Amino acid sequence: MANMSAVDHVQLTLKSEFRFKCHKGISCFTKCCSNIDIMLTPYDVLALKKKLGLTSEEFLEEYTYTQTDGKASFPLLYLRMNDDETKNCPFVSAEGCTVYEDRPANCRYYPIGQGTLKKAADDKLVDEEFFFFVKEDHCKGFQESQEWTVASWREDQGVDRYDELNRGWKSVLLMRNVPEMALDEKKLMLFYMACYDMDRFRRFIFQSRFLDHFEVDEDSREKLRSDDVELMLFGFKFLKYILMMEETLKAKGKK
Ligand code: SF4
Ligand code: SF4
């Protein structure tokens, strides 16, 4: 959630310690909520659209823009700042964040940044998370005395749940620099829909011939009809299948 020039290149672990406090009385209050690039995760979209009472299409249209990233041109979603001289986040007010309980994962992490890389372990590649500080001149929180580890900060900010739910999507994103993964127009549309546009993805499953082609038992169908989080997790499996990363779905008639 920040200007990359503010990234401190020291790599942190869950045990790394730091001092920080963000509160309403601080002189920089809400200064971090304008003119920033906030990448949204699939679960961020679910939480925010629910909070705002919007469909996924309405939320995406009103609050986001997309950029493609990496050699494989994966679509990444960002929160659109107000199109005026303030460049404020659409959710910031003088009182603070108006969607605080549902703020995006990157806002929860701040002033920590987070990344994931593939690492060899026991003869196979596993995804490993790493962390770093984002230190911007305007942020006075580092001058406060409250002590944290990265792990206790994550827990306090409720970001561990977000990371858990977004794990399948993050492991797909790690492939974005693999040229063989390059998305054609159809895959790009499917990728965007399965990650971010849950209402359209649900219609795609139930109103197209999708269920004629894939085995999905009745219990799972019921969950996909009624539960956005289950649908999102199914979307990550669908992505891995169409990108030929894993046989996560079973085509009908295939042994
Ligand atoms: S969503 Fe909330 S915390 Fe994040 S930038 Fe906007 S106002 Fe700030
Ligand atoms: S202390 Fe940092 S995170 Fe908190 S309001 Fe100020 S700039 Fe934002």
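Buried residues account for 27% of the 255 residues in the protein chain; a residue is termed buried if 20 or more other C-beta atoms, placed from the backbone, lie within 10 Å of its own, exposed if 12 or fewer do, and partly exposed in between. The model is predicted: local features require pLDDT of at least 70 and side-chain atom pairs pLDDT 80 or more, whereas totals for chains, interfaces and linings use all residues. Residues are numbered from 1 along each chain as its sequence is written, with chains lettered from A and ligands numbered from 1 in the order in which they are written.

**Overall form**

The protein chain contains ten helices and nine strands, defined as DSSP runs (H or I of at least four residues for helices, E of at least two for strands) and numbered from the N terminus. Its C-alpha trace spans about 65 × 45 × 35 Å along the principal axes. The radius of gyration is 20 Å, which agrees with the value near 18 Å for a compact globule of 255 residues; it is taken over C-alpha atoms, and the globule rule is 2.2 Å times the number of residues to the power 0.38. Of the contacts between residues at least 6 apart in sequence, 73% join residues at least 24 apart, a contact being a pair of residues whose C-beta atoms, placed from the backbone, lie within 7 Å.

**Domains**

The domain assignment gives domain 1 (4–169) and domain 2 (179–242), with bounds from an automatic or database assignment. Their centres, taken over C-alpha atoms, are separated by 25 Å. At the interface, 17 residues of domain 1 are in contact with 18 residues of domain 2. On the domain 1 side, helix 1, helix 2, strand 4 (74–79) and helix 5 (159–173) each supply at least two residues, and helix 1 gives the most, with four residues. This side of domain 1 has eleven nonpolar, four polar and two charged residues; Ala, Val, Leu, Ile, Met, Phe, Trp, Tyr, Cys and Pro count as nonpolar, Asp, Glu, Lys and Arg as charged, and the others, Gly among them, as polar.

**Helix 7**

In helix 7 (residues 198–207), the buried residues are Met 198, Phe 201 and Ile 205. They lie on the same side of the helix because they cover an arc of only 55 degrees around the axis, the arc being that of the directions from the helix axis to the C-beta atoms. These buried residues pack against several elements, including helix 1 (42–52), helix 2 (56–63) and helix 6 (185–196).

**Ligand surroundings**

A residue is counted around a ligand if its C-beta atom, placed from the backbone, lies within 6 Å of it. The residues around ligand 1 include Cys 33, Cys 89, Cys 97, Arg 103 and Cys 107. Around ligand 2 they include Cys 22, Cys 28, Cys 32, His 138 and Cys 139.

| Ligand shell | Nonpolar | Polar | Charged |
|---|---|---|---|
| Ligand 1 | nine residues | no residues | one residue |
| Ligand 2 | seven residues | three residues | two residues |

**Backbone features**

Most residues other than glycine have a negative phi, and most peptide bonds are trans. Asn 35, although not a glycine, has a positive phi of about 50 degrees. Asn 35 lies in the loop between strand 1 (17–19) and strand 2 (39–40) and is partly exposed, with 13 other C-beta atoms within 10 Å. Met 244 has a positive phi near 55 degrees; Met 244 is located in the segment after helix 10 and is exposed, with 9 other C-beta atoms within 10 Å. The peptide bond from Tyr 110 to Pro 111 is cis, with omega near 15 degrees, and Pro 111 is found in the loop between helix 3 (105–109) and strand 7 (112–121).

Notes. Two residues are in contact if their C-beta atoms, placed from the backbone, lie within 7 Å.
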